[in-house]
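This report concerns a single protein model. Please examine the sequence and the coordinates together before reading on.

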Amino acid sequence: MSSTPNPESDVDQLEAAADQAIAACGGDAREAVKALIVANQFLGTDLEKLRAAVSIGYARGKLVQASNTLPRDRKDWYD
């Protein structure tokens with residue numbers, strides 16, 4: 001197997017997923033879009049909870065939002 005992505009396969013998979021989402025909503029594309037928006041918001045909320053639970057040291061500064069909450073001057077560490 002090649003490690004390069006197959007664009008045709010990706011497009012086919014995306015089309016199949018879109019068809020499944022519409023079929024799950026009774027063929028109504030508008031309802032499928034609303035359901036996907038709700039699912040995306042749920043995943044975003046879940047991601048924020050996970051980011052908050054991960055320590056900054058473990059993430060090695062990759063979670064910029066979390067690292068901005070700490071004060072820059074930590075002189076009290078050296079007392």
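The report treats the fold and its confidence, then the surface, the salt bridges and a charged patch.

**Fold and confidence**

The structure is a predicted model. Its secondary structure consists of four helices and zero strands, and along the sequence the elements follow the pattern α-α-α-α. Mean pLDDT over the protein is 79, with 65% of the residues reaching 70 or more. Confidence is highest in helix H2, at a mean of 93, and lowest in helix H4 (residues 64-67), where the mean is 51.

**Surface**

Of the 79 residues in the protein, 5% are buried. The exposed area comes to about 7,300 Å², and carbon and sulfur atoms supply 58% of that area.

**Salt bridges**

Side chains of opposite charge can pair when their charged atoms come close. The structure holds two salt bridges, set out below.

| Basic residue | Acidic residue | N to O distance |
|---|---|---|
| Lysine 34 | Glutamate 31 | 2.9 Å |
| Arginine 51 | Glutamate 48 | 3.4 Å |

Lysine 34 and glutamate 31 both belong to helix H2 (residues 29-53). They are three residues apart, about one turn of the helix. Lysine 34 has a relative accessibility of 40% and therefore counts as partly exposed. Glutamate 31, with a relative accessible area of 34%, is likewise partly exposed.

The other salt bridge joins the side chains of arginine 51 and glutamate 48. Arginine 51 and glutamate 48 also lie in helix H2, and because they are three residues apart, about one helical turn separates them. Arginine 51 has a relative accessible area of 30%, so this residue is partly exposed. Glutamate 48 is partly exposed as well, at 38%.

**Charged patch**

Which residues form the negative surface patch? The patch is formed by Glu8, Asp10, Asp12, Glu15 and Asp19. Glutamate 8 is located in helix H1 (residues 7-24). Is glutamate 8 buried or exposed? Glutamate 8 counts as exposed because its relative accessibility is 61%, and the cut-off for that class is over 50%.

**Summary**

In this predicted model, the two salt bridges pair lysine 34 with glutamate 31 and arginine 51 with glutamate 48. Both lysine 34 and glutamate 31 lie in helix H2, as do arginine 51 and glutamate 48, and helix H2 is where confidence is highest. The negative patch includes glutamate 8, a residue of helix H1.

Conventions
Residues numbered from 1 in each chain as written. Predicted model: local features only at pLDDT ≥ 70, side-chain atom pairs only at ≥ 80, totals over all residues. Heavy atoms only, no water. Helix = DSSP H or I, 4+ residues; strand = E, 2+ residues; numbered from the N terminus. Buried < 20%, exposed > 50% of the residue type's maximum accessible area, 1.4 Å probe, protein only. Areas by Shrake-Rupley, 256 points an atom, 1.4 Å probe, with all protein chains shown as cover. Salt bridge = Lys/Arg side-chain N within 4 Å of Asp/Glu carboxyl O. Patch = residues over 30% accessible without salt bridge, like charges linked within 9 Å, V, L, I, M, F, W, Y side chains within 5 Å. Lys, Arg positive; Asp, Glu negative; His and termini not counted. Charge placed at Lys NZ, Arg CZ, Asp CG, Glu CD. pLDDT = per-residue confidence, 0-100.
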